[in-house]
Structures are given as structure tokens and as C-alpha cells.
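I opened this notebook to record, entry by entry, what I looked up in the structure and what I found there.

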Protein chains: 2
Amino acid sequence: MSKDKIAVPVIRRLPRYYRFLGDLLENGVVRISSRELSAKMGLTASQIRQDLNCFGGFGQQGYGYPVQNLHEEIGRILGLNNHYNAILIGAGHLGTAVAVHMTLERKVFRLIGIFDRDRDKVGQRIGENCIDHIDTLEHFFCDHTVGTAILCVPKTAAPDLAERLYRLGVRSFWNFSHYDLAIHYPDIIVENVHLNDSLMILCYKIANCQHHIDSE
Amino acid sequence: MSKDKIAVPVIRRLPRYYRFLGDLLENGVVRISSRELSAKMGLTASQIRQDLNCFGGFGQQGYGYPVQNLHEEIGRILGLNNHYNAILIGAGHLGTAVAVHMTLERKVFRLIGIFDRDRDKVGQRIGENCIDHIDTLEHFFCDHTVGTAILCVPKTAAPDLAERLYRLGVRSFWNFSHYDLAIHYPDIIVENVHLNDSLMILCYKIANCQHHIDSE
């Protein structure tokens, strides 16, 4: 099956497979059966077989899946061999946490700039970057190619920033701002992180005693 | 249809409906058609009609949905009328961001304690709480009833903390730690926030030029 045809719920599960297979690799595991993988991941074995069938050619009845090949293939489907320059806007607690996280991970996205509107923060170092003032954003783009922007700003600050970044050519966003970018710019790529949505889902699970809604 | 039967993808979309309907309420909108709602939310009108049919009794052909009733009903399904005490472990940048967020939101979860292993942080104030040392965790539980723990600690610190919290009776977790709690404690409720998974999905979307995988 071509990768264009992979269903959305399967795509959403890919990072989880990638993480688990990475842990197995680190522990020297060479092959794993769908049954063992299911016990580790809290998915059913048949769900796992279905999911992994989407990528084709993996797993042989009775032999299990080759951990390294599968890990590499999922990484390839996720596009983890690519490299993009990213900037982060909003160096509050959340922005700083995200910047530190990206400095540690830096597999795909290289953070090359951090901006804030607070002049007191300008010059402070986070990982490999110093915070610049947001007024210097347009100037920064004269010298740098930036594909992705990470928005860690309040909802109220987001529309103006989104417009500036869009005009500067940014077309992909990791959006923590609670502002609905995708509605206003249909041609951009957005991945939203809504902490509040996650908290509401926790609330739903508690209120309804649902332990396993992630597995489905 | 009983709320127990609502499909998982619909549940995952509920917070989004709740947010959008809340925005509409604030703007004085009394009724909205599935077509208008679909334009705002980036879902198809038929998807929205299907989703909202799960809750029964809403929307009349040609009249649209009553915004306030629908907002209240979705809030009720999500369990947002409940109240739970929560504590947060790990007052780094991410933990601080989450604590501030919860202080602002505090609809369902009331943050009544923040713990860290760094003695230099003890006594520092975040919102309504002062940071306590993690060694005082068991003592804290003598005087407080805590249903939910928020783990903002590194993966390596999580197993020991999870065990302590589980023994203290905590059965629901908002988990930022990248440690797979649910596998080790099948009777707990966990909502995970995996920033790295989200970043991998962004990477997938860019690599595959997929703008709309959230809508499905």
C-alpha cells in the first residue's frame, strides 16, 4: 500500500511504534512478535498486525518483526531523515521548555532562533540560541531560511505573528497558542498542541472510568 | 445513544467542539448550522452532524444547533462539572508552564501541591502554591485527598514516583514524562502528552504535504 493511503489513526500511532521499537533496539532486541509488541504497547496483536501491514513486507508468520528494519521504515515514513530550520516565538516557561526539548532532540528540526517581545529576555541563552527581540524577526529572515515556526505565545498575540510569519514565507507551524491557524491559512501545515484539550480528555476518562481509550 | 457508546475519535474531538462553541457563546451566537460550524472548525458538515447525533436530541433540520445547550451537553459528557484535587511533580520549565496554565483554567482540576527534588526551588511560589520538596510527598497525603497527579519529570525519574503515587492511592495521571505508566499500572487512568510524538507528526505532515489529517 502506498504511504499516501495510510489511515489517519495509523499515522497518529506511528510515533508510538517508533518510540517502542527504539527502546527495543536499545535493549538489543532483534525480532519481536506482534503478541509481545502488543503486551508492551497496550494495543491488541491484531491491531498491530493490521497497522504494520500498511507498510508492507514486514513480519513473517512465526518469525515476528525485524526490529531495526521496522524502526527505520517507520522513521522513513514519518520523514525523520529530513532536516528543517525552525524558530520559536515566545520564550515564557512553555517556550523555554519546548526550546530545551528541541535542543535535546534535534533530529529533524534545528532551532536556529528564539524571539520574545520582552526586552529583558533579549540576550538570554536557551541551549544553543540567544533570545532576540521580536522586532528583529523580519531582519532575521534576510539571512536565514526558516521553514517552521513554533508558536508559544498567548492566543491574543498569535494572529499578528501568524500574519508576519506567513508573509515571510513560513508554511509549517508547531502551534501551542490556542489560535486556529489552519482556518485562516488553508495552505499551511499545522500541528497543534492543546494542553487544555488534553486536560478535558483526562477529565472525560476519569468521569467515565475509561482506562483504554488510547488503545483504540 | 448512551454516552458509553461514543466512539473514541468523536470523544477526542469533543474538546474542540467545546472550545468553538464557547467562542460562539462569548460572541453572542445563539444558533449555528452544521455548515457554519464546519467552516469554522475545518470538519465537513456531515462529519459534524454525525458527531453531534451521538449526543441525541440536538439540531433540527433548517434550524441549526442551539449553541448554549450543545456547549453545556458536551461539557457534561466531558465531565467538566466535576472537581478533583491535583498535585504536580517536577517544577522545571514545563512543570511551571503547566502549573500556571492550571491556575488560569482551574475549572475541573484544582492544583493543591507542587513538588520538586531541587531544594533550591522549595518555597518558590507558582500561582497559589509554593513548591514543596518531594521528600514531603507522603506527609502531604496525610492531610490532603489527591485524585490526580501531573508528572512533569524526566522518564528516568518517573518509575519511582509513579510507584510512590500509586501506593498513596493516586489513580489518575496527566503524564508528560514519556514513561509508559499504563503498561505498569493497568487500573490507573492516564492521559499522556508526548511533545516528541507531536513533533514527529508535524514532520510527517511536512514530508507528505498533508494539511488536513486532523480533520479526519
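The entries below go from the domains and the sheet to a helix pair and then to the two chains.

**Entry 1, model and domains.** I noted at the start that this is a predicted model. For chain A I looked up the domain assignment, which gives domain 1 as 3–78 and domain 2 as 84–197. I then took the centres of domain 1 and domain 2 of chain A over C-alpha atoms and found that 32 Å separate them.

**Entry 2, the sheet.** I traced the strand order in chain A and found an open sheet of 7 strands, S5-S6-S4-S3-S7-S8-S9, with mixed pairing. The edges are formed by strand S5 (125–126) and strand S9 (189–192) of chain A, each of which pairs on one side only. I next checked strand S7 (residues 148–151) against strand S8 (residues 172–175) of chain A, and these pair in the parallel sense over 4 bridges; within this pairing I looked up A:Ile150, whose bridge partner in S8(A) is A:Trp174. I also recorded that helix H5 (residues 93–105) of chain A packs on the sheet, where it touches S3, S4, S5 and S7 of chain A, and that its direction makes about 155° with that of S4(A).

**Entry 3, a helix pair.** I turned to helix H2 (residues 34–41) and helix H3 (residues 45–53) of chain A, whose axes come within 8 Å and cross at roughly 110°, so that H2(A) is roughly perpendicular to H3(A). On the H2(A) side I listed A:Ser34, A:Arg35, A:Leu37 and A:Ser38, which meet A:Ala45, A:Ile48 and A:Arg49 in H3(A). Sorted by class, the residues of this contact of H2(A) with H3(A) are 3 nonpolar, 2 polar and 2 charged.

**Entry 4, the interface.** How many residues of chain A are in contact with chain B? I found 49 of them, in contact with 48 residues of chain B. The elements of chain A that give two or more residues to this side are H1, H5, S8, H8, S9 and H9, and H9(A) gives the most, with 13 residues. By class, I recorded 28 nonpolar, 13 polar and 8 charged residues on the side of chain A that touches chain B.

**Entry 5, symmetry.** I laid chain A on chain B, which takes a turn of 180° and a shift of 0.0 Å along the axis and gives an RMSD of 0.0 Å; the two copies are therefore related as by a two-fold rotation axis. Of the residues of chain A, A:His93 comes closest to the rotation axis, at 2.4 Å (C-alpha). Finally, I noted that 98% of the interface residues of chain A are also interface residues in chain B, so the copies meet through the same surface.

Methods:
Residues numbered from 1 in each chain as written. Chains lettered and ligands numbered in written order. Predicted model: local features only at pLDDT ≥ 70, side-chain atom pairs only at ≥ 80, totals over all residues. Pairing = 2+ DSSP bridges. Contact = placed C-beta atoms within 7 Å. Axes fitted to C-alpha atoms, helices over the stretch in contact; angles between N-to-C directions. Nonpolar A, V, L, I, M, F, W, Y, C, P; charged D, E, K, R; others polar. Domains from an automatic or database assignment. Least-squares fit on C-alpha atoms with pLDDT ≥ 70 in both. Parallel < 35°, antiparallel > 145°, perpendicular 65-115°, else oblique.
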